[in-house]
Amino acid sequence: MLGSIEGPQDVKRLAVEELPQLAGEIRDVLVDACARFGGHLGPNLGVVELTIALHRVFDSPRDPIIWDTGHQSYVHKLLTGRAAGFEALKQEGGLSGYPSQAESEHDFVENSHASTALSYADGLAKAFKLHRDRDASGDAGRTAVAVIGDGALTGGMAWEALNNIAAIKDLPVVIVVNDNGRSYSPTIGGLASHLSSLRVNRRYEDVLEYVKDKIGNVPVLYDALHGFKKGVKDVLAPQVMFEDLGLKYVGPIDGHDEQAMEAALRQARDFRGPVIVHALTQKGRGYTPAENHDEDQFHSPGAFDRATGAEKPKGRIWTNVFSEELVRLGKERDDLVAITAAMLHPTGLNAFAEAYPDRIYDVGIAEQHALTSAAGLALGGLHPIVAVYATFLNRAFDQLLMDVALHRLPVTVVLDRAGVTGDDGASHNGMWDLSILQVVPGLRVAVPRDGDRLTELLREAVEVTDGPTVLRFPKGPVAEPIEAVGKLGEMDLLRAAAAEPDVLLVGVGPMAQVCMDAAVLLDAQGISATVVDPRWVKPLDEALVLAAGAHKLVAVVEDNGRVGGVGDAVARLLRDADVDVPVRTFGIPQQFLDHAKRAKILGRIGLTGQDLARQITEAVARRSNAAEPVRR
């Protein structure tokens, strides 16, 4: 049946009795695809019936459906004509793991940073309303739909949006709260259904307004009438929080009862004002290993065995090294505390939480709060470790700058998934941090090249008492150790030039291995290369000035955007010291990168030893030609 679905109109044409078969086929496809390559399985198993209902009630893309977070959109992709390519999910040239405008007109926005959908919906609905008010034939009847769940409602931006949405009573927006946290029990029965209908019945609202107008001079009577209605409903459903904001509320609804979801969504759509539809769903629904997975119901497993659910071994990754060292540090220092923004297991803080349960704080998807709360902890005499994905540091930059750095507080920020991450696409590449962090006064930034350096630099970072520190490392298997052959100041000398030095290669973190590979190839071309690892890239070691002055070219290689990163900092350092040596930066181009494996992307953008050696050879040749005298 799924093979016959080319778009939402095909879903609408199905008979009600056919929908369970469709839901079953969708779950089979989800499990098969995620077992092969990994993916956000649990969240999508939980929204199958909900997504079917959305596409039967609303008219996508005329009614845009915005997913928050976007990793819940797999079922939406299957129902909008992309079932045929689903087996290549998250693979190079295949479907993205998030909404993608390049894939389909049904993917309105490419949101994968959480808590944004309600703001998108607010703006869209205001645009629809404005067009409708100007021309009834324009956007009349259009509704902006936002599906928010899987933790996204813990973000402060979502509540800012709710506050604004509630301010316009005829704003055409429907908010579906996908509640898979099991925090509420379903409310069922005729009375609950009747009261839900009553709440979004315009005639009822008109009566209330009429009564208010006619007996406005007797406010106690009106308040009693409204309070009776609200009081009865409060006994049956947890809607108080939303209604206090001025939003109509429907639910809770069993999110796996497709017909109940359809009925609730139709009521919400026809109300023509902001409505919350509260759907209770089960993460991992329909796949026993996911349902029984205690940690996170298979939120985002790697490749796994379909029959048993056993994940295939990943080997030792950077996150493991950080996790183990932090536990050791926690035993040595009782002032260390850790903060996560809904990423306890992915950032490796779960081991610290098990060892020291009173020293861990999960603030939800609220990176801004995480940093300022860390500032408070530091002011209280503790040393907080804030572990987030590098791509999410962007959201907390102001707090790091003005709440932490301004007060010179000892907070250590650990950035996992820094640099090219690959499979999760443009929004998850951690390619901005080394650029934005350069502008923060008093901040120290460390980048380890391997696991041994990670433990070493983490220990150095938490010893800093007069300002914040940042430690960043990439996604995937931890790099093999590269031992230093000497020191240049506090920098590690990894390779000394075999002859008169030509090129100084500055390898930032894991790019040190790329520089080592390039140095061997350069030697074969008669170009002598020195390789150093700065370890701390902010502030830069002054020894770099002397080292650069002994070479003809400096090449900085970093897993970060080329603009404003370490390469620019090195060039500025040498310029300020009047060292006249050209600096070349090799990094990530300032563009949004399509999803693919990390190694594939690094090859595509020229961050391999062979590519680096070729480009440096050409640069040296150009410089030599320019220096030759003109022969007549």
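Two strands pair if DSSP finds at least two bridges between them. The exercises below apply this and related ideas to a predicted model.

**Exercise 1.** Determine how many bridges join strand 12 to strand 13, and in which direction the two strands run.

*Solution.*
Step 1. Strand 12 covers residues 486-488, and strand 13 covers residues 491-495.
Step 2. Three bridges join these strands. Since the definition asks for at least two bridges, the strands pair.
Step 3. The two strands run antiparallel. As an example of a bridge, G486 has L493 in strand 13 as its partner.
Step 4. Strand 12 and strand 13 form a hairpin with two residues between the strands. In this hairpin, G489 takes a positive phi near 65°.

**Exercise 2.** Identify the strand that three bridges join to strand 13 besides strand 12, and state whether strand 13 is enclosed.

*Solution.*
Step 1. Strand 13 is joined by three bridges to strand 15, residues 529-533.
Step 2. Strand 13 and strand 15 run antiparallel, and R495 stands opposite V531 in strand 15.
Step 3. A residue is buried when its relative accessible area is under 20%. Five of the five residues of strand 13 are buried, so the strand is largely enclosed by the rest of the structure.
Step 4. For the setting, buried residues make up 56% of the 632 residues in the protein chain.

**Exercise 3.** Locate E311, classify it as buried, partly exposed or exposed, and list what it touches.

*Solution.*
Step 1. E311 lies in the loop between helix 13 (288-291) and helix 14 (318-332).
Step 2. The relative accessibility of E311 is 35%. Partly exposed lies between the limits of 20% and 50%, so E311 counts as partly exposed.
Step 3. Leaving aside residues up to four places away in sequence, E311 touches P301, G302, A303 and F304.
Step 4. P301 is ten residues from E311 in sequence, and their C-alpha atoms are 7.1 Å apart.
Step 5. The side chain of E311 also reaches the backbone nitrogen of G302, at 2.9 Å.

**Exercise 4.** Describe the volume and lining of the second largest pocket.

*Solution.*
Step 1. The volume of the second largest pocket is about 590 Å³.
Step 2. Its lining consists of 27 residues. Those nearest the centre of the pocket are P99, E110, G425, A426 and S427.
Step 3. By character, the lining residues of this pocket divide into eight nonpolar, 13 polar and six charged.

Definitions and conventions. Residues are numbered from 1 along each chain as its sequence is written. This is a predicted model: local features need pLDDT of at least 70, side-chain atom pairs count only at pLDDT 80 or more; totals for chains, interfaces and linings use all residues. Side-chain values use heavy atoms; hydrogens and water are left out. Buried means under 20% relative accessible area, exposed over 50%, partly exposed in between (1.4 Å probe, protein chains only). Helices (H or I, at least four residues) and strands (E, at least two) are DSSP runs, numbered from the N terminus. On a 1 Å grid over the protein atoms alone, a cavity is a set of points where a 1.4 Å probe fits but cannot get out, and a pocket is an open set with protein on both sides within 12 Å along at least five of seven lines; lining residues have an atom within 4 Å of a point. Grid points are joined across faces, edges and corners, and a volume is the space filled by probe spheres set on the points. Ala, Val, Leu, Ile, Met, Phe, Trp, Tyr, Cys and Pro count as nonpolar, Asp, Glu, Lys and Arg as charged, and the others, Gly among them, as polar. Contact means heavy atoms within 4.5 Å. A polar contact is a pair of N or O atoms within 3.5 Å; within protein, one must be able to donate a hydrogen and the other to accept it, and residues adjacent in sequence count only if both atoms are side-chain atoms.
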